[in-house]
Amino acid sequence: MKSTIIKILSVLLLVSAASCRKLDLEPLGVLDEKALFGNEDGARKFVSAIYGHLPIEDFVYHPERGFRWEHYWQNHEALTAMSGEMTGQFWGVVGAQGFGYWPYDRIRNINTFIVGLPTYKDNFAEDRYNNILGEAHFLRAFFYFSLVKRYGGVPIVKDVQDPTADKESLLVPRNKESEVYRFIQEDLQFAIDNMSETSEKGRANKYVAAALLSRAMLYAGSIAKYGSYANLGGEAASKGFAGIAREEAEWFYQKAFDASTVVMNGPYSLYNKKPNDKEANYVDLFLDADSPEDIFIKQYDITAPYGTRLKHSYDANFLPSPSLAAEVESGAYPVLDLVELFGALPITDAEGKPIRYTNRKDLYAGLEPRMRAIVYFSGMELREGSERMAFDMQRGLYLTFPGKASDAQMGSTNAPINSQANRILAGPKNAQYDYKGTKINITGEHGMWKDGHANNTRTGFYVRKYINYKISSKDVRLYNSTQPWKTIRLAEIILNKAEAAYELGLITNNDALKAEAFTYIARIRERAGATPKTFNAAAGNINKYGYPLDENLQFIREERYRELCFENHHWWDMRRWRTADVELNNFVPNCLMPYLVLDEMKYNAQGQRINSYIFLKEKEPWNKTFNFEKKWYYEPLPGGELNKNPNLYPQNPIY
């Protein structure tokens with residue numbers, strides 16, 4: 001029976017490897033255990049195949065459909081929309097209860113390898129044997145982390161179950177949430193202790209394992225410290241399946257701190273190839289295939305002849321067409337709430353009146369370079385050379401705007417200044433208004449249009465992070481993007497260490513640790529071109545989330561949001577901090593709406609028109625509201641699994 005299982009596994013895994021990634025080694029076909037595990041060539045192939053199934057929340061991930069949904073190009077429904085970083089056509093509760101992820105088939109494959117490999121240890125050089133066994137432990141930890149952050153406690157299965165065994169022995173019960181995190185720590189520590197310091201791109205090494213440990217332990221520490229504030233009751237909570245005891249927080253934070261230190265002492269450095277142009281430097285960080293900041297990436301191969309499933313559609317999903325993209329149109333847009341985390345925009349003067357701009361570029365010229373590198377403002381240019389074209393976003397026209405920005409009442413149609421006689425909005429694209437014999441475009445080439453037009457910006461911004469400005473518009477098509485996903489990069493680990501250090505400082509009343517945290521924040525902000533921020537020993541508490549929160553720690557959290565936005569972190573951060581039910585309580589995103597004021601237009605001596613633009617803060621025009629239910633701090637255990645294994649009960653709280 002065991003040999004049959006191995007043969008089946010080898011076929012499935014090797015076919016998967018051939019279809020999901022380019023390998024240096026050719027598939028061998030159907031192999032028995034000795035041929036597969038008994039030599040380095042076969043063992044590496046077996047492990048390589050598992051990487052293609054890693055639960056990486058990247059360009060092709062959908063929080064309700066899985067890690068490679070058939071229509072994965074529709075990833076504007078991804079975590080960024082759920083977490084409030086973007087709004088779009090599907091803004092709302094998409095994916096909050098997951099998709100029943102249950103990868104125990106993958107875990108079984110890894111367990112088969114871990115249990116079977118020692119039989120053939122003498123066939124390997126010691127360092128090669130240790131490395132590949134450590135790699136298997138890393139992969140198992142990766143799958144378990146994807147489970148525990150969704151469900152809390154799940155069954156820990158280390159052995160290869162015999163399907164012919166007594167049924168009761170196969171119905172494994174849940175472990176406590178803290179036990180799962182400690183199991184992850186054990187697996188990753190084994191990987192750190194046994195793996196080499198280097199690896200080929202897309203595969204793990206000692207530092208990749210330490211980086212994942214840094215991330216996972218930070219999650220566990222946060223849940224231990226803040227989990228009780230969600231007030232989740234019921235049997236799952238009381239038995240420790242959903243929640244971690246507060247007294248365990250220090251242990252987990254220390255593990256996160258120590259693992260981060262291992263990574264930061266490794267061979268990585270913050271991307272800084274263009275130190276004199278911090279905006280361009282930050283843009284290129286996400287496109288450079290040879291970045292010293294990359295710890296673990298998911299590659300998309302432009303040359304492999306395996307069809308579209310080795311490419312993604314990020315550029316086509318987030319650029320407007322037809323002028324900037326060849327097909328589709330952007331379906332999700334950054335919100336002003338996120339942009340304002342970087343600092344106040346210069347849109348009003350000291351009296352509250354809208355500042356006038358003759359050139360829209362002047363609005364963002366003096367803002368933090370990192371912010372300019374993350375979102376496209378109206379007037380920014382996507383490409384250079386013959387395809388040079390600016391993003392043209394305009395909400396509409398005002399015949400006159402004599403008062404304060406507050407007179408517009410966040411875009412309300414009830415505001416007198418927004419009467420139909422004074423504020424002109426357009427339904428279809430390219431609609432014009434006749435002003436004193438001159439035809440004026442009511443909206444911009446790339447929005448914002450009204451009356452049901454979904455795929456153009458409704459916030460005044462487009463996403464810039466990860467957009468490949470180097471490719472031609474004709475190449476911006478579905479399934480044609482190849483930039484890699486930065487699964488783990490050094491900036492995250494630095495932020496992990498800062499947060500862990502500050503939390504440890506709070507727990508142990510150690511101001512030196514708190515101050516140390518801000519030395520790490522300084523590294524992130526210096527690279528970003530941001531104003532320095534230092535530890536404030538006199539900072540007080542805020543009570544924004546229903547529990548007291550140190551103002552310094554709030555800044556550290558916000559710096560994490562600024563640096564890692566659009567990288568699918570914030571949804572999970574809000575969940576581990578237990579802040580989502582407050583941050584996303586009746587949340588309607590804010591937008592930045594550019595308008596042209598007609599009675600202020602002038603003409604120079606050459607007859608060229610000099611425009612007068614204002615920027616107004618408004619609510620999202622579709623008035624889409626998000627509410628986070630407390631039960632969503634955990635996803636429900638899949639119903640099909642509960643039916644097969646009643647020992648998985650109790651179900652998670654409130655479900």
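## Overall make-up

Helices here are DSSP runs of H or I with at least four residues, and strands are E runs of at least two, numbered from the N terminus. Counted that way, the protein has 21 helices and 16 strands. Please keep in mind that this is a predicted model.

Of the 655 residues of the protein, 59% count as buried. About 25300 Å² is exposed, and carbon and sulfur atoms supply 48% of that area. Looking at contacts with a separation of 6 or more, 73% of them come from residues 24 or more positions apart.

## The four-stranded sheet

A good place to start is the open sheet of four strands, which follows the order β6-β5-β13-β16 with mixed pairing. The edges belong to β6 (423-424) and β16 (613-619); each has a single partner strand, so one side of each is left without a neighbour in the sheet. As background, strands of a sheet pair through backbone hydrogen bonds, either parallel or antiparallel.

Walking across the sheet, β5 (residues 396-398) pairs with β6 in the antiparallel sense over two bridges. On its other pairing, β5 runs parallel to β13, and three bridges join them. Y398 is a handy landmark here: its bridge partner in β6 is R423, and its bridge partner in β13 is V597. Next, β13 and β16 pair in the antiparallel sense over seven bridges, with L592 standing opposite K617 in β16.

Strand β13 (residues 590-597) is mostly covered, with eight of its eight residues buried. Its side chains split into two sets: N590, L592, P594 and L596 point one way, C591, M593, Y595 and V597 point the other way, and all are buried.

## Two antiparallel pairs

Elsewhere, strand β2 (residues 294-298) runs antiparallel to β10, and three bridges join the two. Within this pair, K298 stands opposite W485 in β10. Strand β10 (residues 485-489) is also mostly covered: five of its five residues are buried.

Strands β7 (residues 432-435) and β8 (residues 438-441) run antiparallel too, joined by four bridges. Q432 stands opposite N441 in β8. The hairpin of β7 and β8 has two residues between the strands, and K436 takes a positive phi near 55° in it.

## Aromatic residues and charges over rings

If you enjoy aromatic side chains, there is plenty to look at: the structure holds 50 aromatic pairs. Take Y207 and Y268, whose ring centres are 5.9 Å apart and whose planes stand at 90°, so the pair is edge-to-face. This pair links distant parts of the chain, with Y207 in helix α9 (residues 206-226) and Y268 in the loop between α11 (249-264) and α12 (278-285), 61 residues apart. Both Y207 and Y268 are buried. A separate item to find is the aromatic cluster formed by F59, Y282, F286, Y300, Y314, F318, Y466 and W485.

Two arginines sit over rings. R182 lies over the face of W251, at 4.0 Å from the ring centre. R562 lies over the face of F555, at 4.9 Å from the ring centre.

## The loop after β2

The loop between β2 and α13 (314-318) holds H312. With 0% relative accessibility, H312 counts as buried, because the cut-off is under 20%. The side chain of H312 has two backbone contacts to inspect: one reaches the nitrogen of Y314 at 3.3 Å, and another reaches the oxygen of Q483 at 2.9 Å.

K311 is found in the loop between β2 and α13 as well. Its relative accessible area is 18%, so K311 is buried. K311 and Y300 are 11 residues apart in sequence, and their C-alpha atoms are 5.5 Å apart in space.

## K278 and its neighbours

Our last stop is K278, placed in helix α12. A polar atom of the K278 side chain lies 3.1 Å from the backbone oxygen of E526. Leaving aside residues up to four places away in sequence, K278 touches P369, E526, R527, A528 and G529.

Note on methods. Residues are numbered from 1 along each chain as its sequence is written. This is a predicted model: local features need pLDDT of at least 70, side-chain atom pairs count only at pLDDT 80 or more; totals for chains, interfaces and linings use all residues. Side-chain values use heavy atoms; hydrogens and water are left out. Rings of Phe, Tyr and Trp (its six-membered ring) pair if their centres lie within 6.5 Å; planes under 30 degrees apart count as stacked, over 60 as edge-to-face and the rest as tilted. Buried means under 20% relative accessible area, exposed over 50%, partly exposed in between (1.4 Å probe, protein chains only). A charge sits over a ring if NZ of Lys or CZ of Arg is within 6 Å of the ring centre and within 35 degrees of the ring normal. Two strands pair if DSSP finds at least two bridges between them. A polar contact is a pair of N or O atoms within 3.5 Å; within protein, one must be able to donate a hydrogen and the other to accept it, and residues adjacent in sequence count only if both atoms are side-chain atoms. Contact means heavy atoms within 4.5 Å. Accessible areas come from the Shrake-Rupley method with a 1.4 Å probe; for residues, only the protein chains shown count as cover.
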